[in-house]
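Work through the exercises below with the sequence and the coordinates at hand. Each task is followed by a solution in steps.

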Amino acid sequence: MSKRRIGVLVMSYGTPESLDQVEAYYTHIRRGHPPTAEQLHELTSRYEAIVGGFFPLRENTNKQVQGLQETLNREHPELEFVCYQGLKHAQPYVEDGVEQMVKDGITEAIGVVLAPHYSVMSVGGYVKRAKDKAQELGLDIEFVLSYHMHPKLLEALSDRVERALTKFDGAERQDIRVIFTAHSLPEKILEMKDPYPDQLLATSKAIAERVAITNWQFGWQSAGQTAMPWLGPDILDVLQTLRKEEGVANVLLCPIGFVSDHLEVLYDIDIEAQALAQELGLHLERTESLNTDPLYMETLSDVVYQKWAEKANLS
Ligand SMILES: CC1=C(CCC(=O)O)c2cc3nc(cc4[nH]c(cc5[nH]c(cc1n2)c(C)c5CCC(=O)O)c(CCC(=O)O)c4C)C(CCC(=O)O)=C3C
Ligand SMILES: [Fe+2]
């Protein structure tokens, strides 16, 4: 008898494929409004500046999707999981992933986003697009909405904090300020009772408890340059305050809102925040990204399988 086949729509932000696609990508992010020449130049130079190739997110996402498929099939040999990518702002788009599943004869699917925390503006956006397309094509699909407290995810992140704390030669552990960070969002999400800030704080607290640190705080990064207010404090302001007003000399950034090396980590932290730290005379380190850490692959595999099992038991 052939195995029951389950499609997994693995959704991620997406990145350009080459420098000449940056404009189309940015235009998509801006809902069809092309960036000005200055904005385009600014984004292009950030991509050019990052270490490890221009667009590492693409390969990292490919590897994560492959790793998830392998983990699911290894842990559940009685089933056949087939993973499809669906990107928010680049090809294959979320809708393309759904369409490909249907073309391949998939009739039941689970969707998951490569971001652990739910916001209506992040994960909610991916889910809505996938749901609409699935409904149009008659595909049965359920979604994992968040997995920010999964024990294996917390273990992987705690291990990273633990390792990074050893990079401060001579500093006492309690003198190192750990700042957990995530992508800022417009402040209006607060009025919408969005779970994003609370979920991020819950992850931060859980890691702090596991590694037994009390000298920590949360900070927002990578806010957009728009007229509306974004959630703060921004980590760049935090670094200034810590150095100038609190006399802090050692800071560890732990970007818990991201799961991969990409622009927000390799530029916004490694280049921009690091340059400010140098200027301030701060010793700044950051935790390594999860990328294809087996504990992260197992986290994703667990939540996808659980979501499928819930659905399978009900029907
Ligand atoms: C919550 C969130 C996540 C985390 C959750 C998730 O992963 O979904 C995330 C991840 C990412 N964001 C990324 C890139 C960009 N995001 C931008 C702009 C924006 N991000 C926003 C939010 C988020 N973004 C928002 C509200 C905007 C304003 C425009 C809008 O309302 O949509 C811009 C425009 C220029 C700029 O503002 O910098 C770029 C280039 C990349 C890929 C990096 C690479 O290619 O290596 C990744 C992983
Ligand atoms: Fe973004």
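**Exercise 1. Polar pairs with ligand 1**

Task: In this predicted model, find which atom of ligand 1 a polar side-chain atom of His183 lies 3.3 Å from, then find the corresponding pairs for Leu263 and Glu264.

Solution.
- Step 1. The partner of the His183 side chain at 3.3 Å is a nitrogen atom of ligand 1.
- Step 2. Glu264 also uses a polar side-chain atom, which lies 2.9 Å from a nitrogen atom of the ligand.
- Step 3. Leu263 takes part through its backbone: an N or O atom there lies 2.9 Å from an oxygen atom of ligand 1.
- Step 4. For the wider surroundings, 22 residues lie around ligand 1, and those that come nearest are Tyr13, Thr15, Arg46, Tyr47 and Tyr126.

**Exercise 2. The annotated pair His183 and Glu264**

Task: State what UniProt places at His183 and Glu264, and decide whether each residue is buried or partly exposed.

Solution.
- Step 1. The UniProt record, an unreviewed entry, gives the feature "binding site" at His183 and Glu264. The two are spread over 82 residues of sequence but cluster in space, with a largest C-alpha distance of 8.1 Å.
- Step 2. Locate them: His183 lies in strand 5, and Glu264 is in helix 9, residues 263-266.
- Step 3. Apply the cut-off, by which buried means under 20% relative accessible area. Glu264 has 19% and is therefore buried, while His183 has 23% and therefore counts as partly exposed.
- Step 4. Compare the contacts, leaving aside residues within four places in sequence. His183 is in contact with Tyr196, Trp220, Gln221, Ser222, Trp230, Phe258 and Glu264. Glu264 touches His183, Gln221, Ser222, Phe258 and Ile269. Thus His183 and Glu264 touch each other.

**Exercise 3. A second annotated group**

Task: Where do the residues Tyr13, Arg30, Arg46, Tyr47 and Tyr126, also marked in UniProt, stand relative to one another?

Solution.
- Step 1. The unreviewed UniProt entry places "binding site" at these five positions: Tyr13, Arg30, Arg46, Tyr47 and Tyr126. They span 114 residues in sequence, and the farthest two C-alpha atoms are 25.1 Å apart, so they do not all gather at one spot.
- Step 2. Take Arg30. Its place is the loop between helix 1 (22-29) and helix 2 (37-49). With a relative accessible area of 27%, Arg30 is partly exposed. Beyond residues up to four places away in sequence, Arg30 touches Pro35 and Gln39.
- Step 3. Take Tyr47, which is found in helix 2. At 4% relative accessible area, Tyr47 is buried. Outside its neighbours within four places in sequence, its contacts are Thr15, Pro16, Val22, Tyr25, Phe54, Phe55 and Leu263.

**Exercise 4. The sheet of strands 5 to 8**

Task: Work out why strand 6 (216-221) and strand 8 (283-286) each have one side without a neighbour in the sheet.

Solution.
- Step 1. Write down the order. The open sheet has four strands in the order 6-5-7-8, with parallel pairing.
- Step 2. Read off the edges. Strand 6 and strand 8 stand there with a single partner strand each, so one side of each is left without a neighbour. From one strand to the next the twist averages 30°.
- Step 3. Examine one pair. Strand 7 (residues 250-254) is joined to strand 8 by four bridges, and Asn250 stands opposite His283 in strand 8.
- Step 4. Add the helices. Helix 8 (residues 235-245) lies across strands 5, 6, 7 and 8, at about 165° to strand 5. Helix 10 (residues 268-280) also lies across strands 5, 6, 7 and 8, at about 170° to strand 8.

**Exercise 5. Arg286**

Task: Which side chain makes a polar contact with the side chain of Arg286, and at what distance?

Solution.
- Step 1. Arg286 is found in strand 8 and is buried, with a relative accessible area of 17%.
- Step 2. The polar contact of its side chain is with the side chain of Asp270, at 2.6 Å.
- Step 3. Among the residues Arg286 touches are Ala164, Lys167, Leu252, Leu253, Asp261 and Ile269.

**Exercise 6. Strand 4**

Task: Assign the residues of strand 4 (residues 140-143) to a covered and an uncovered face.

Solution.
- Step 1. Ile141 and Phe143 form the covered face, and Asp140 and Glu142 the uncovered one.
- Step 2. Strand 4 pairs with strand 3 (residues 108-113) in the parallel sense over four bridges. In this pairing, Ile110 stands opposite Glu142.

Definitions and conventions. Residues are numbered from 1 along each chain as its sequence is written. Chains are lettered from A and ligands numbered from 1 in the order in which they are written. This is a predicted model: local features need pLDDT of at least 70, side-chain atom pairs count only at pLDDT 80 or more; totals for chains, interfaces and linings use all residues. Side-chain values use heavy atoms; hydrogens and water are left out. Two strands pair if DSSP finds at least two bridges between them. Helices (H or I, at least four residues) and strands (E, at least two) are DSSP runs, numbered from the N terminus. Axes are lines fitted to C-alpha atoms, for helices over the stretch in contact, and angles run from 0 to 180 degrees between N-to-C directions. Contact means heavy atoms within 4.5 Å. UniProt positions are given in the numbering used here, feature names are shortened, and annotations may be inferred rather than shown by experiment. Buried means under 20% relative accessible area, exposed over 50%, partly exposed in between (1.4 Å probe, protein chains only). A residue is near a molecule or strand if one of its heavy atoms lies within 4 Å of it. A polar contact is a pair of N or O atoms within 3.5 Å; within protein, one must be able to donate a hydrogen and the other to accept it, and residues adjacent in sequence count only if both atoms are side-chain atoms.
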